[in-house]
Amino acid sequence: MTDPRPKRPARPTSKPANKTGPKSGGRPGPKAAGKGRGAPDTHTPTTQRLFFALAVPADVTPALVAAQSKLRGNWRSVTADQMHVTLAYLPAVPHDRVDDLKKLGTRLFTDAAPLDLKLRGTGYFPNEGSPRVWFVKVEAEGLNELAAALREGIQALGLSTEDLPFKAHVTLARKKGPAPRVPPLLFPHHWTAGSAGLHRSILRKTGPIHETVSTFRLRGTPATPAPATEPAPDEALQETP
């Protein structure tokens with residue numbers, strides 16, 4: 001015989017979802033925002049990485065790119081459009097001091113003469129053990145003096161540069177971890193640098209990205225070499241038999 005009384009609904013076997021938590025598939029609540037490994041970093045840095053440099057022209061970079069084909073292992077090549085000779089590197093510049101650096105660059109580079117840069121042989125930083133950087137050396141008359149004057153001007157502004165001594169070079173590749181070295185290479189290329197730049201370095205997982213902040217023309221007059229003098233008769237070189 002059927003019971004005429006209506007049946008009560010069965011009680012749920014699990015507790016109801018927390019109403020204060022985020023809905024499935026929806027956006028997290030205010031407390032959850034910004035948490036976790038995948039959350040974006042909303043911190044705004046108060047400083048930026050800047051450097052003064054001379055660019056490598058497009059008619060010189062193909063030889064350097066060809067040399068990069070010899071790399072093996074964990075080496076990461078520098079792209080042709082970012083090859084340069086660093087004059088001074090500033091690891092932490094407050095945003096409100098960039099204009100001071102622009103004025104310094106205008107003052108120094110306007111008085112500097114164009115530089116005749118020459119590529120030399122390749123090398124490594126550090127030279128011993130497992131190197132992190134593969135580069136090609138650069139030489140030019142007046143280059144060391146220009147870099148020294150630039151660093152002195154930066155320090156006079158109360159800003160810091162790297163502590164490493166100046167060694168003119170073009171970085172060809174960087175690496176992390178072990179990788180074979182490339183045998184020494186020699187480059188006969190040269191060019192005249194008629195301008196310099198102030199650049200911003202932005203770090204990425206694939207390597208640093210460089211953005212041009214300001215460009216400066218080298219408008220100075222090259223120094224005139226002293227005329228050669230004839231040696232006195234008793235000082236003249238004697239031909240050896």
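# Exercises on a predicted model

**Exercise 1. Find which residues of helix H1 are buried, and say why they share a side.**

Step 1. Pick out the buried residues (buried means under 20% relative accessible area, exposed over 50%, partly exposed in between, with a 1.4 Å probe and protein chains only). In helix H1, residues 61–68, these are Thr-61, Leu-64, Ala-67 and Gln-68.

Step 2. Look down the axis. The four cover an arc of only 120 degrees, so they lie on the same side of H1. The arc is taken over the directions from the helix axis to the C-beta atoms. An α-helix has 3.6 residues a turn, so residues three or four places apart point the same way.

Step 3. Name the packing partners. The buried residues of H1 pack against strand E2 (75–77), strand E4 (115–125), strand E5 (133–139) and E6. Contact means heavy atoms within 4.5 Å.

Keep the ground rules in mind. This is a predicted model, where local features need pLDDT of at least 70, side-chain atom pairs count only at pLDDT 80 or more, and totals for chains, interfaces and linings use all residues. Residues are numbered from 1 along each chain as its sequence is written, and side-chain values use heavy atoms, with hydrogens and water left out.

**Exercise 2. List the elements of the protein chain in order.**

Step 1. Count them. The protein chain has three helices and nine strands. Helices (H or I, at least four residues) and strands (E, at least two) are DSSP runs, numbered from the N terminus.

Step 2. Read from the N terminus. The order is β-α-β-β-α-β-β-α-β-β-β-β.

**Exercise 3. Work out how strands E1 and E4 pair with other strands.**

Step 1. Apply the rule: two strands pair if DSSP finds at least two bridges between them.

Step 2. Take E1. Eight bridges join E1 to E3, and the two run antiparallel. Here Leu-54 stands opposite Val-85 of E3. E1 also pairs with strand E8 (residues 195–202), in the antiparallel sense, over five bridges. Phe-52 has Leu-198 of E8 as its bridge partner.

Step 3. Take E4. Four bridges join E4 to E7, again antiparallel. Asp-116 stands opposite Thr-192 in E7.

Step 4. Compare the faces of E7, residues 190–193. Trp-191 and Ala-193 form the covered face, while His-190 and Thr-192 form the uncovered one.

**Exercise 4. Describe the lining of the largest pocket.**

Step 1. Give the volume. About 1100 Å³ of space lies in the largest pocket.

Step 2. Count the lining. It has 28 residues, and Val-133, Glu-162, His-169, Thr-171 and Arg-174 lie nearest the centre. A pocket is an open set of points on a 1 Å grid over the protein atoms alone, where a 1.4 Å probe fits, with protein on both sides within 12 Å along at least five of seven lines; lining residues have an atom within 4 Å of a point.

Step 3. Find the contributors. Strand E1 (47–55), strand E3 (84–94) and strand E6 (169–175) each give two or more residues to the lining. E6 gives the most, with five residues.

**Exercise 5. Place Ser-195 in the structure.**

Step 1. Locate it. Ser-195 lies in strand E8.

Step 2. Classify it. Ser-195 counts as partly exposed because its relative accessibility is 27%.

Step 3. Check its surroundings. Leaving aside neighbours within four places in sequence, Ser-195 is in contact with Leu-54, Thr-215, Phe-216, Arg-217 and Leu-218. The C-alpha atoms of Ser-195 and Leu-54 are separated by 6.9 Å, though the two are 141 residues apart along the chain.

Definitions and conventions:
Grid points are joined across faces, edges and corners, and a volume is the space filled by probe spheres set on the points.
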